[in-house]
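Biologist: Please take a close look at one part of this model for me. I would like to know how that part is built and what it touches.

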Amino acid sequence: MSDIQSAETMHTDTHDHSHDDHHHEANFWNTYVFSQDHKMIAKQFLLTGIVMGTIGMMMSVLFRLQLAWPEQGFPILEKLLGKWAPDGVMDSSIYLALVTIHGTIMVFFVLTAGLSGTFSNLLIPLQIGARDMASGFMNMLSYWFFFVSSVIMVISLFVTSGPASAGWTVYPPLSALPQAIPGSGAGMTLWLVSMTLFIVSSLLGALNYIVTVLNLRTKGMSMTRLPLTIWAFFVTAILGVLSFPVLLSAALLLVFDRSMGTSFYLSDIFIGGEVLDHAGGSPVLFQHLFWFLGHPEVYIILLPALGITSEVIATNSRKPIFGYRAMVGSILAIAFLSFIVWGHHMFVTGMNPFLGSVFTFTTLLIAIPSAVKAFNYITTLWKGNIRFTPAMLFSIALVSTFITGGLTGIILGDSALDINVHDTYFVVAHFHIVMGLSAIFGMFAGIYHWFPRMWGRRMNKTMGYFHFWLTFISAYGVFFPMHFLGMAGLPRRYYTNTAFPMFDDLADINILISNFAILGAIAQGIFFFNFFYSMFRGKRSAQNPWKSNTLEWTAPVEHIHGNWPGELPTVHRWAYDYSKPGMDEDFVPQTIPLGPGEEETH
Amino acid sequence: MSALLIIIVLVLAGVAIGQAVRIFEISNALKGKDENEITDDDNKRQGWYMLIFMFGMFITFIWMSASYWEVMLPKSASVHGKEVDNLMAISMIVITAMFVVTQPLLFYFAFKYKGKKANRATFVSHNDKLELIWTFIPAIVLAGLILYGLSTWNSTMFRPEDEEPMIVEIYAKQFGWNARYSGADNQLGYANVRNIAGVNVLGVDDTDGASLDDIVTTELHLPVGKPVLFRFRAQDVIHSAFMPHFRVQMNCVPGAVTQFAVTPDVTTVEMRKEQDVIAKTATINAIRKAKGEELYEFDYVLLCNKICGSAHYNMQMKIVVESQEEFDNWMSSQKTFAETL
């Protein structure tokens, strides 16, 4: 706090770093590498997330090749997988490893760190009017723990016995016993080490976000004037702080079982021709601990995307977000409910059926705040003056996938129905649409929208349009048909479906899905090109390119340490005074005082 | 070497596209156009695309529903499964209705209110009445679904006390299944993996009197119309016993015994005569014939549905539902545990 205040009072001109008496001379290392500036850390998170995302996406293409054309050799598989793909046909262990690491990378490294890490870091200080995060140092540590964790996860791909391959949920005993699957050896150890560091990173980041939002809001920025992005990041951070430690304890007990002979999760096991000493543990305990994080994690992924969408949709519809208070209320309701629904992942574990009823009840309740959000987004578009930036397109796509995927959640959350679709492709379709697609669309929306804020340049519009349509179409093309596979009873995580003649007629659907997956992957090439090209060569952006109300657009385009030259901006109104009657322009930045006789909207 | 060439080609292609974009941008700049500003034309075009996408989506949705109807599971072959299928049908109708209402609204509004520079949006910040309506309507619909769902769940999970089911153990291990029938006493003998030795692959305790008449098999035969209580065990890792045709699934957890009760009510032979099944089998056989594979005949199966290792994808057991007579015949041809020792 005091650092920030002194920085504020000492500030004299707009030149970089000039106000800092407590920072060292700016050089390459502390500007680009060990930076404590939230804007640089945001970029670091984003770039690392993009690299991890590319790895995760390529993996999905590889296993989609296997699923559509099993037994057919692909030279590219042999090249990339080496001994795991003799004659270009991947073997079943590496298939499971690819699915596992794809899930881990996408859920944690891309959609948690890459999404929340990037935009919480970039936007929290800029949108609440703070010089920086409460602790720049912790923020830097958060990134570097994430970086090391990513590196270890990538290294785990190269160990001799193969990477972790027990599914991203790493249920023991499969994940605990190298005898059960080779990936549960060194690969799994590295997975656990990587995830531990990841949790540290996530906690350091989340604590910082919470403290910053609570303490460093500028004058006039009451909680009810916060843009919905900040509400989303704030609640996300609280979810993270409450749930990630539970994952850490789950992982630690797994480490004990693996290396120290304890029996938290293991009991009565006969494997590799011998009985193990473990007795008295319960594998289901792990699932309880895992999903106590795992379900809030879904919202840790989704809420930031919804927050970004709220902002992007309001700005580009040139209308206030419809029902601001209901939006905040539903974020809080979803966050609360997310802690009491984890058992819906475990209806068929042999859990007491009465408990199943309770979890069905709480799970289906989530549909109510979710429906409120969906309707509010739709109504925000109503009578708007919509400007279709690529960010806006991705936001509308998010609302579409949020609805589609949310609806199938009503099937899966119902314990009686879950019996027959549990762990089938119906689940794969559901969570990829509601969580994967929605979150990644939110992330794209954020990147397109705040790219000028991050790099001071614009991304190319036309390439953005191409990227959007190819991505949107192929996304539905991949995941929509999967519902039918699930209804046909096809289990997920099958290396090939040819062992069961009853699934032979699904081969065509799998080929269709894989073709869309390949198209979608190629479409990301347009994005990568646009992203990196625009970073260096894009057209320079105006200070407020989207005519937006929020504070980040009142700061100079060139990044400066401390964000604003001179005084911090003072806030006089909420963030959504778009097209307010009686105003000259169709937007009124939060820093503009109320005019004479003007009523505060909110 | 070829990899290097590919990389060089990719890099050069990237540079070429970059230069093309550059030229495009410079020529626009010369013409005084800012190619990144969103023009009214862009809005018009994208708005139309949104509408077209919506129609495309619905046409595809209908097409898929029609042409993939046949691949879905046939009617349930168990008593509780019929209730589950009803619940599924009603839930599907509800969510399809919501889908059909909300998606068009979203895309239509996007199309209808595509912006023009000269226009201005209508300032509406909230509407308590509307918001109450769309909080309460989903709440009421969900209340109905929850009540119906829970009653189905309860009748599936809690069976009437007076029913005397046949007790059968399903035993899972990497990568196969066994069934153990409880024999004449309808009581399974105690078993633990610590007793596994030689032919006693399920670790049945031979000192427990109840185990002597137990019958271990590699196929699961069930008499039609008779309640069965499955008790599930696993030897090594978690497996999941999935019998999709009966709407049955339960995890098999090492160190614990889980259970699921079911009453099969359609025999294998009867199921083979179902219209759906005949059509599906014909489609499958056309595919298999073209590939020169053995022809397929419909059978119920038990498959593993929890990732359990490298051959997870091929862990199956055939299930036969037959008349009591046929079942008894088959049973009498099997050896009891005492006989195998």
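Modeller: Start with a yardstick. The radius of gyration is taken over C-alpha atoms, and the globule rule is 2.2 Å times the number of residues to the power 0.38. By that rule, a compact globule of 341 residues would come out near 20 Å, but chain B has 30 Å. Chain B is the part I will look at.

A word on the ground rules. This is a predicted model, where local features need pLDDT of at least 70 and side-chain atom pairs count only at pLDDT 80 or more, while totals for chains, interfaces and linings use all residues. Residues are numbered from 1 along each chain as its sequence is written, chains are lettered from A and ligands numbered from 1 in the order in which they are written, and side-chain values use heavy atoms, with hydrogens and water left out.

Now the outline of chain B. Its C-alpha atoms fill a box of roughly 95 × 70 × 40 Å along the principal axes. Its secondary structure comes to eight helices and 10 strands. Here helices (H or I, at least four residues) and strands (E, at least two) are DSSP runs, numbered from the N terminus.

Chain B is split into domains, with bounds from an automatic or database domain assignment. Domain 1 of chain B covers 41-114 + 128-157, and domain 2 of chain B covers 166-340. Their centres, taken over C-alpha atoms, are 36 Å apart. The contact between them takes 16 residues from domain 1 and 20 from domain 2. Contact means heavy atoms within 4.5 Å.

How much area do the two domains bury? Buried area is the accessible area (1.4 Å probe) that two parts lose on being put together, summed over both. For domain 1 and domain 2 of chain B it is about 1500 Å², with 58% from carbon and sulfur atoms. On the domain 1 side, Glu70(B), Pro74(B) and Ala77(B) supply 37% of the area buried against domain 2, more than any other three residues.

Charges meet here too. Side chains of opposite charge can pair when their charged atoms come close. A salt bridge is a side-chain nitrogen of Lys or Arg within 4 Å of a carboxyl oxygen of Asp or Glu. The rule finds three salt bridges across the interface of the two domains. Lys82(B) also forms a salt bridge with Asp265(B), and their closest N and O atoms are 3.0 Å apart.

Next come polar contacts. A polar contact is a pair of N or O atoms within 3.5 Å; within protein, one must be able to donate a hydrogen and the other to accept it, and residues adjacent in sequence count only if both atoms are side-chain atoms. Residues also fall into classes: Ala, Val, Leu, Ile, Met, Phe, Trp, Tyr, Cys and Pro count as nonpolar, Asp, Glu, Lys and Arg as charged, and the others, Gly among them, as polar.

Between domain 1 and domain 2 of chain B, 12 residue pairs are in polar contact (both at pLDDT 80 or more). On the domain 1 side, α3 (79-112) and α4 (128-157) of chain B each supply at least two residues. α3(B) gives the most to that side, with five residues. By class, the domain 1 side has seven nonpolar, five polar and four charged residues.

One detail of the backbone deserves a look. Gln174(B) and Phe175(B) are joined by a cis peptide bond, with omega about -10 degrees. Phe175(B) sits in the loop between β1 (166-173) and β2 (176-181) of chain B.

Now look outward, to the partner. Chain A has 18 helices and two strands. Its C-alpha atoms fill a box of roughly 80 × 50 × 50 Å along the principal axes. Its radius of gyration is 24 Å, which agrees with the value near 25 Å for a compact globule of 602 residues.

How do the chains meet? The contact joins 115 residues of chain B to 135 residues of chain A. The buried area is about 11100 Å², with 69% from carbon and sulfur atoms. In chain B, Phe123(B), Trp153(B) and Tyr313(B) lose the most area to chain A, together 7% of what that side buries.

Six salt bridges cross between chain B and chain A. Glu37(B) forms a salt bridge with Arg458(A), with the closest N and O atoms 3.4 Å apart. Polar contacts link 39 residue pairs across the interface of the two chains (both at pLDDT 80 or more). The chain B side that touches chain A has 61 nonpolar, 37 polar and 17 charged residues.
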